[in-house]
Amino acid sequence: MSGELDRESERHLQNALYSALFRAGWDIDVDLSGIASRGCSGEGGDDPQTEVVQLRRAMQTRPTIDQARGILMAAFSLGPDDAWTTLVMASQNTNTKLHRVAQQLVDSVQGQALPKAVQTQLTAAVARLNAPTADQDTTEDAGTEPTS
């Protein structure tokens with residue numbers, strides 16, 4: 001695969017990398033020697049080797065994160081974006097890496113105890129996402145008659 005990388009090509013690159021990893025049996029070498037890296041400001045960016053390490057880590061942790069999202073979606077009737085938000089909120093509020101929160105959730109389905117702090121934050125995040133908004137309250141109130 002070759003070409004210019006930009007923010008719009010992220011999905012295409014992600015699909016191509018997953019496809020290449022699948023064909024290679026999850027063992028692939030990435031040569032980024034011909035890539036000039038630029039930050040968002042157009043100035044010099046991160047070292048390509050650092051980016052490779054970060055990409056490899058992301059590819060290793062993504063399946064677990066996707067499993068955790070699926071667990072949240074099934075258990076709490078959440079959509080994919082809300083399941084992601086729940087994981088992010090729990091990660092931030094427990095100061096735990098997102099992939100570790102995801103692994104703990106997956107492990108809990110397999111019988112291991114979910115750490116209390118993670119359990120508390122996941123529950124709080126789901127409750128916040130399911131809480132009615134002011135617009136929903138107004139809409140629901142408009143259809144009811146006042147009681148005396």
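**Lining of the second largest pocket and the helix α4**

By class, three nonpolar, two polar and two charged residues make up the lining of the second largest pocket. This description rests on a predicted model. The residues concerned are R57, A58, T61, I65, K97, L98 and H99. Two elements, α2 (48-76) and α4 (98-109), each give two or more residues to this lining. The largest contribution comes from α2, which supplies four residues. The volume of the pocket is about 160 Å³.

The helix α4 was examined further. It consists of twelve residues, and the distance from its first C-alpha to its last is 17 Å, close to the 16 Å expected at 1.5 Å a residue. Within α4, the buried residues are L98, V101, A102, Q104, L105, V106 and D107. L98 thus appears both in the pocket lining and among the buried residues of α4. In an α-helix there are 3.6 residues a turn, so residues three or four places apart point the same way. The buried residues of α4 pack against three other helices, namely α2, α3 (80-94) and α5 (116-130). Just after α4, a positive phi of about 110 degrees is found at G111.

With regard to the protein as a whole, six helices and zero strands are present, and the order along the sequence is α-α-α-α-α-α. The protein has 148 residues, of which 23% count as buried. Of the contacts between residues at least 6 apart in sequence, 43% join residues at least 24 apart. The accessible surface amounts to about 10800 Å², and carbon and sulfur atoms account for 49% of this area.

Conventions
Residues numbered from 1 in each chain as written. Predicted model: local features only at pLDDT ≥ 70, side-chain atom pairs only at ≥ 80, totals over all residues. Heavy atoms only, no water. 1 Å grid on protein atoms, 1.4 Å probe; cavity = no way out; pocket = protein on both sides within 12 Å on 5 of 7 lines; lining within 4 Å. Points joined across faces, edges and corners; volume = space filled by probe spheres on them. Nonpolar A, V, L, I, M, F, W, Y, C, P; charged D, E, K, R; others polar. Expected span 1.5 Å × (residues − 1). Buried < 20%, exposed > 50% of the residue type's maximum accessible area, 1.4 Å probe, protein only. Contact = heavy atoms within 4.5 Å. Areas by Shrake-Rupley, 256 points an atom, 1.4 Å probe, with all protein chains shown as cover.
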